[in-house]
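I open this notebook page to record what I looked up, going from a single residue outward to the sheet and the core.

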Amino acid sequence: LLDHTKTQVVLIHLDGSQISDLRPLAKLTALRHLNLQPISESKGLITSLEPLRQLPLDFIDVSCHELLNDIGPFETLPLVSVNLTATKVSDLTPLR
């Protein structure tokens, strides 16, 4: 039997969603893979990645979130793959 009290979410695909507030995701302390790409006909609504700062993410797709311009919270993440296509991010320093 699966013990749901010990189950941890490690992968979320919310592609196609119109999510704008990432604060609920901060509770998913085992999250490693996050896809937040909006549906192709719409623009993403995410403006802040701050709630993700403490997560052990190694993959994130925030492409097409045209209001997003700061990836400062990524500086402490163990990221291996990042998609920032069609965002306003210009400073990639946090990815070093």
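I started with H65, which I found in the loop between β3 (59–61) and β4 (81–83). I note at the outset that the model is predicted.

I then asked whether H65 is buried or exposed. Its relative accessible area is 0%, and since buried means under 20%, I entered H65 as buried.

Next I listed its surroundings, leaving out residues up to four places away in sequence: H65 touches I19, L36, P38, G44, L45, I46, A86 and T87. For one of these, I46, I also noted that the side chain of H65 reaches the backbone nitrogen at 3.2 Å. I looked up T47 as well, which lies 18 residues from H65 in sequence, while the two C-alpha atoms are 7.6 Å apart in space.

I turned to the sheet, which is open and has four strands in the order β1-β2-β3-β4, with parallel pairing. Its edge strands are β1 (11–13) and β4, each of which pairs on one side only. Direction ignored, I recorded an average turn of 5° between neighbouring strands of this sheet.

For β1 and β2 (residues 33–35), which run parallel, I counted three bridges, and I noted that H13 stands opposite N35 in β2.

Last, I went through the largest nonpolar core, which holds 21 residues, and wrote down those that touch the most other members: L22, L34, L49, L52, L57, I60 and F74. I followed L34 further and, setting aside its neighbours within four places in sequence, found it in contact with I12, L25, L52, L57, F59, I60 and D61.

Methods: Residues numbered from 1 in each chain as written. Predicted model: local features only at pLDDT ≥ 70, side-chain atom pairs only at ≥ 80, totals over all residues. Heavy atoms only, no water. Core = buried A, V, L, I, M, F, W, Y, C linked by side-chain atoms within 4.5 Å. Buried < 20%, exposed > 50% of the residue type's maximum accessible area, 1.4 Å probe, protein only. Contact = heavy atoms within 4.5 Å. Helix = DSSP H or I, 4+ residues; strand = E, 2+ residues; numbered from the N terminus. Polar contact = N/O pair within 3.5 Å; in protein donor to acceptor, adjacent residues only side chain to side chain. Pairing = 2+ DSSP bridges. Axes fitted to C-alpha atoms, helices over the stretch in contact; angles between N-to-C directions.
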